[in-house]
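Trainee: Got a minute? I'd like to go through this one with you.
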Number of protein chains: 2
Amino acid sequence: MSPDRQATTVACCQVSLQVGALEANREACRRAAERAAGDGAHIIVLPELAASGYVFDSREEARTLAEPVSGPTVSGWTDLAARTGITIVGGICELGEDGNLYNTAVVVAGSRVRAVYRKAHLWDTEKAVFTPGSQAPPVVDVAEARLAVMICYDLEFPEWVRYPALAGAQLLCVPTNWPRFPRPDGERPMEVVRAQAAAAVNRMYIAACDRVGRERGVDWVGGSAIIDPDGWPLAGPADDSAGIIMAACHLETATDKTISEHNDVLGDRRPALYRRLFEESPKVHEGGSR
Amino acid sequence: MSPDRQATTVACCQVSLQVGALEANREACRRAAERAAGDGAHIIVLPELAASGYVFDSREEARTLAEPVSGPTVSGWTDLAARTGITIVGGICELGEDGNLYNTAVVVAGSRVRAVYRKAHLWDTEKAVFTPGSQAPPVVDVAEARLAVMICYDLEFPEWVRYPALAGAQLLCVPTNWPRFPRPDGERPMEVVRAQAAAAVNRMYIAACDRVGRERGVDWVGGSAIIDPDGWPLAGPADDSAGIIMAACHLETATDKTISEHNDVLGDRRPALYRRLFEESPKVHEGGSR
């Protein structure tokens with residue numbers, strides 16, 4: 001694609017990974033990120049757990065693959081960001097200073113780590129490995145954008161996606177590992193449909209980066225996508241092969257939440273009403289007998 | 001379609017309407033609902049503002065087309081429901097007992113009105129005509145289902161859709177009037193994409209019924225759809241012509257919210273965390289300087 005001087009170029013590096021292959025995985029990410037940067041990307045999203053891989057045999061195995069944020073994976077990204085001027089968002093298997101394991105994503109920009117986020121909604125057997133995060137998805141200003149980050153299954157909780165939208169995020173970066181589920185012929189992965197809706201109801205760009213590479217019997221669906229604030233994919237959804245998708249994003253358009261002369265997707269929310277109703281337990285209407 | 005004795009048959013009657021043509025609109029709805037009932041439908045969804053039409057010239061015009069819930073439109077549906085045994089969900093331009101106009105939907109089952117809902121999120125010039133509702137979407141037990149109702153733009157607020165899901169609704173009925181917006185070739189209307197995601201993240205059936213018929217320069221997209229708890233359309237999305245879509249729904253499957261051995265789309269929510277974060281204002285991360 002030809003660079004657009006008015007736009008911010010966002011890339012998702014849908015790399016092939018293997019659980020446990022720390023060096024090979026780091027190298028696959030580095031190569032893809034360098035190629036995307038060479039092609040003009042300003043912001044690069046890498047998958048969830050991009051160095052360790054995903055399908056751990058046990059918590060113990062995950063621990064042997066974990067590293068602190070100051071460890072080699074993020075240091076490599078910091079070096080790369082400093083060298084190329086890009087912003088990198090990617091996931092690691094974090095060994096916390098408290099000794100717990102976290103499914104973590106970092107934002108690296110300039111020559112340093114700008115934000116660390118720990119996945120708050122854990123998928124399946126992750127619950128046996130990781131401690132869930134309890135902090136909001138960070139929203140950070142980098143050179144090109146006000147961006148936010150969350151991880152994979154987090155994106156299926158619309159309450160969670162609202163948070164960065166309300167904080168003014170223009171681009172939500174989502175490192176993911178999306179296992180393949182059956183779907184009807186001709187349909188996109190439901191993960192992509194949910195991401196489209198999340199972008200549209202918040203008028204926010206979303207860049208979701210999956211990985212590929214069969215791992216201990218698990219296939220990944222691919223489907224990485226860069227979605228605009230109307231909910232349409234600008235790039236992707238990718239198929240299930242390794243590759244880079246890129247899109248020129250006019251991020252400032254995500255600041256405008258109006259969708260008609262009298263509507264604004266955030267301004268039209270009824271937070272006082274939501275608060276009142278959810279304080280009571282949702283209940284079945286006393287409309288009469290069955 | 002052949003009736004499935006294990007299933008509940010849900011129908012959306014995507015009728016052609018004209019603003020102001022009260023009798024003709026009621027007749028179009030009656031005919032379509034009778035046909036759907038004859039074809040085996042148990043639950044029938046009609047559009048938003050199904051008797052009045054939508055594109056009012058003024059609040060005054062809307063007032064001349066408004067009626068109380070006890071008025072002729074809902075009385076007709078009550079008669080039809082009593083005669084056929086079906087459940088009807090449809091929209092009217094309601095003249096409230098307080099003199100205000102409401103964009104309202106009713107649930108009629110057995111021989112009576114089981115629930116009345118007033119649209120809480122108003123679209124565009126509706127704000128000059130209607131008073132927004134301030135009550136939760138009702139969740140009611142009818143013979144075939146625990147069903148809920150909301151109207152059109154309401155569905156774009158995931159906070160609102162959560163409410164009936166938490167109250168155990170198996171089927172969310174959504175009378176709509178979806179204006180046509182431009183969309184990329186090959187794409188579904190974004191209204192359908194949002195409905196798919198809403199169904200999937202809540203594991204709940206959604207039946208959204210649009211209308212057709214060009215009205216004062218406004219085209220409706222059609223796109224009526226009956227969507228399963230995985231987010232896939234069982235029927236529709238319809239094109240932009242008048243017609244009936246029907247689907248056999250195994251509503252009890254919507255009671256099971258599990259999506260993996262360790263995941264449950266409602267149980268995995270972190271309400272205490274959401275509450276804490278939203279009590280503070282969402283904020284940009286203090287990660288350092290730009």
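Mentor: Sure, we'll take the two chains, then a helix pair, then a sheet; bear in mind that this is a predicted model.

Trainee: What turn lays chain B on chain A?

Mentor: A turn of 180°, with a shift of 0.0 Å along the axis. The RMSD is 0.0 Å. That is how a two-fold axis relates copies. Both copies also use the same surface, as 100% of the contact residues of chain B recur in chain A.

Trainee: Now the helices. At what angle do α4 of chain A and α6 of chain B cross?

Mentor: Roughly 15°. The axes come within 10 Å. Helix α4 covers residues 158-166, and α6 covers residues 271-279. Angles under 35 degrees count as roughly parallel, so α4(A) and α6(B) are roughly parallel to each other.

Trainee: Left-handed or right-handed crossing?

Mentor: Left-handed.

Trainee: Which residues meet there?

Mentor: From α4(A), E159(A), W160(A), R162(A), Y163(A) and L166(A). They meet L273(B), Y274(B), L277(B) and F278(B) of α6(B). By class, that contact has seven nonpolar residues, two charged and no polar ones.

Trainee: Switching to the sheet. What's the strand order in chain A?

Mentor: β5-β4-β3-β2-β1-β12, an open sheet of six strands with mixed pairing. The edges are β5 (112-118) and β12 (243-249), each paired on one side only. From one strand to the next, the twist averages 25°.

Trainee: How many bridges join β1 to β2 in chain A?

Mentor: Three, and the two strands run parallel. Strand β1 spans residues 8-14, β2 residues 43-45.

Trainee: And what does C12(A) stand opposite?

Mentor: V45(A), in β2(A).

Key. Residues are numbered from 1 along each chain as its sequence is written. Chains are lettered from A and ligands numbered from 1 in the order in which they are written. This is a predicted model: local features need pLDDT of at least 70, side-chain atom pairs count only at pLDDT 80 or more; totals for chains, interfaces and linings use all residues. Side-chain values use heavy atoms; hydrogens and water are left out. Copies are superposed by least squares on the C-alpha atoms of residues with pLDDT of at least 70 in both. Contact means heavy atoms within 4.5 Å. Axes are lines fitted to C-alpha atoms, for helices over the stretch in contact, and angles run from 0 to 180 degrees between N-to-C directions. Helices (H or I, at least four residues) and strands (E, at least two) are DSSP runs, numbered from the N terminus. Angles under 35 degrees count as roughly parallel, over 145 as roughly antiparallel, 65 to 115 as roughly perpendicular and the rest as oblique. A crossing is left-handed if the near helix is turned anticlockwise from the far one by less than a right angle, and right-handed if clockwise. Ala, Val, Leu, Ile, Met, Phe, Trp, Tyr, Cys and Pro count as nonpolar, Asp, Glu, Lys and Arg as charged, and the others, Gly among them, as polar. Two strands pair if DSSP finds at least two bridges between them.
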